[in-house]
Amino acid sequence: MLEMNVLETPARAPPVAVGRPITQRLGLLVLSILIPAIVLSGGLIWHVGQLDRSRANQQALQLARSVAGDLNREVDGSIETLLALATSPALKRGDFETFYRQATDTLSFRRLNALVKTPDGQQVLNTRVPFGTPLPRQELALNDREALVNRKSGISALVLGGVTKSWVLGLSVPVIVNDQVNYILTMSIDPEHIRKIIASAPPDPEWIIAVSDPTGRLIARTEQHNAYLGKIVHPDVKGWSKPPEGIHRTVALTGEEVLRGYHWSDKSGWLIAAFVPARVIDAPLRRLWRILAMFLVGLTALALPLTYKLARQISRPIAEAAAAAHRLGQGQLIEPKSSALLEANELSAAIARASVELRQRTSALAENEARFRSVFEQSAVGISQIGLDGRLIGVNDWLCKMLGYTREECLEKTFRVLTHPDDLAVEEQLITELLNGTRRDYRLEKRVIMKSGAPVWVRVTSAPVRGAAGELLHRVSIIEDITASRQASAESARLAAIVQASQDAIISTSLGGAIETWNSGAEALFGYTRQEVTGKNAVHARAGSTQAGDEGKAHRGGDG
């Protein structure tokens with residue numbers, strides 16, 4: 001089998017570098033850690049915010065209920081006081097001066113006032129003014145009518161007092177004499193008294209308590225009480241069909257969004273509201289979000305330079321390794337470099353070792369190539385490299401001289417053009433088997449056409465050349481001129497035929513005297529066959545032949 005080295009391997013274009021730089025990869029790694037942490041932190045903050053809102057809602061509702069309970073107890077106490085005063089004998093017998101002193105003594109410590117009306121609305125007593133002061137006649141209010149008609153206690157909405165011309169609340173009970181309602185005893189409640197009751201209720205200065213009457217008019221407020229006293233704060237309160245208590249977000253009189261818990265008092269009909277600005281409720285959540293944002297900004301400010309620095313620590317040795325690999329491809333010796341990365345150091349050391357090995361192999365390859373070139377160019381046989389398309393891609397001088405072409409002319413030819421038409425089909429079949437792997441090489445005697453047009457008999461030995469990956473590159477053929485040997489063979493065959501056909505005895509011997517050829521004439525003359533004498537000494541053969549001749553003469557009667 002013929003084996004040939006590849007002189008030149010066609011250069012292949014390096015693959016285009018694709019992908020993302022390591023800085024981006026590290027950035028994505030940082031993001032893959034940060035994003036879940038951010039989502040988790042955001043979820044926790046949202047959950048904390050929900051808990052804070054829930055606590056604020058419950059606080060608002062509980063505060064409204066608590067204030068409503070305080071006011072209900074105040075109303076109950078006031079009613080009991082009025083009912084006790086209504087049983088005064090002085091009042092029943094019309095001794096208003098005595099009753100004035102009793103009512104003043106009873107109500108002064110609570111800073112409350114009492115007045116007495118007749119069923120037609122005429123005031124006969126009012127502790128707000130000195131006894132004996134002329135008093136007006138007023139139209140009976142709803143609470144008065146409740147006491148007069150139903151003989152029950154009643155509480156009025158916020159009204160302007162007929163004497164003081166200031167906002168007051170009235171709480172009325174009937175004064176019954178001989179089963180008749182002779183008088184209506186009313187307690188006059190100053191809104192400031194209500195304000196003082198609710199003033200201590202808010203747990204925090206941001207919380208505000210407000211009380212309004214069934215008509216929606218403000219009775220008392222823990223903040224800006226005088227500014228909003230007597231104003232309608234709930235225009236639709238009369239037709240309000242909402243639940244007796246609840247929680248919602250709304251807009252306060254100041255235009256600010258608030259969280260409000262409210263409770264309707266079934267005893268007084270008042271609406272008690274406890275509210276706090278929404279910004280106060282949302283402040284802890286906003287603070288947490290700000291902390292998270294500041295943390296993220298700080299973390300990003302810290303992570304970016306660290307990521308960049310780390311990326312540089314990784315990318316720089318890789319870039320140096322890439323540059324070293326480029327120099328390696330140019331055949332340079334590479335010195336290993338040290339960095340902070342173990343893997344990069346191992347890669348640099350591997351490239352350095354590879355450069356030494358490559359230098360050694362390149363040197364050996366150069367020597368092999370030089371030897372091959374010497375054999376290729378100085379060989380006494382023709383050598384050609386033939387591409388897969390059949391074109392000659394390399395020839396030596398001996399082949400050019402044999403064919404009579406210059407090297408340039410040879411490299412313009414194909415093996416089909418140079419092969420005699422009668423021998424082409426046989427070689428093409430052999431080449432097909434060679435290229436498809438069913439034959440490792442082939443040997444063929446054929447005729448090639450010289451530049452002069454004359455045929456030359458040659459012996460062709462051809463084998464494929466493969467690349468490192470096993471792919472077919474080309475084939476190499478060694479071409480020997482066998483024209484002379486074929487002519488000599490033909491002449492020998494012709495002479496052998498003449499000798500064999502001759503009637504004369506023709507014998508050939510070796511230098512040692514051994515018989516090599518013995519034609520039919522010798523067989524007829526000496527009487528021995530070729531098989532009997534081939535290899536025997538010619539002297540013995542001649543002696544035997546003389547005796548045989550004498551016997552022949554005797555047999556023929558002695559004529560010569």
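Cys 400 is a good place to start in this predicted model. With a relative accessibility of 6%, Cys 400 counts as buried, because buried means under 20%. Its partner in this part of the story is Cys 410, whose sulfur is the nearest cysteine sulfur to that of Cys 400, 3.7 Å away. Cys 410 is buried too, at a relative accessible area of 0%. Are these two cysteines joined or separate? Cys 400 is in no disulfide, and Cys 410 is in no disulfide either. A disulfide needs two cysteine sulfur atoms within 2.5 Å, so a separation of 3.7 Å does not qualify. Indeed, the structure holds zero disulfides.

Next, let's turn to a pair of helices. Two packed helices are described by the angle between their axes and by the distance between those axes. Here the helices are α1, covering residues 22–86, and α7, covering residues 278–329. Their axes come within 10 Å and cross at roughly 170°. Because angles over 145 degrees count as roughly antiparallel, α1 is roughly antiparallel to α7. What kinds of residues make up the contact of α1 with α7? There are 20 nonpolar residues, together with seven polar and three charged ones.

Finally, have a look at two strands. Strand β9 spans residues 245–251 and strand β10 spans residues 257–264. The two run antiparallel, and seven bridges join them. To find your way along the pair, look for Ile 247, which stands opposite Gly 261 in β10. Together β9 and β10 form a hairpin with five residues between the strands. In this hairpin, Gly 255 takes a positive phi near 85°.

Notes. Residues are numbered from 1 along each chain as its sequence is written. This is a predicted model: local features need pLDDT of at least 70, side-chain atom pairs count only at pLDDT 80 or more; totals for chains, interfaces and linings use all residues. Side-chain values use heavy atoms; hydrogens and water are left out. Two strands pair if DSSP finds at least two bridges between them. Helices (H or I, at least four residues) and strands (E, at least two) are DSSP runs, numbered from the N terminus. Axes are lines fitted to C-alpha atoms, for helices over the stretch in contact, and angles run from 0 to 180 degrees between N-to-C directions. Angles under 35 degrees count as roughly parallel, over 145 as roughly antiparallel, 65 to 115 as roughly perpendicular and the rest as oblique. Ala, Val, Leu, Ile, Met, Phe, Trp, Tyr, Cys and Pro count as nonpolar, Asp, Glu, Lys and Arg as charged, and the others, Gly among them, as polar. Buried means under 20% relative accessible area, exposed over 50%, partly exposed in between (1.4 Å probe, protein chains only).
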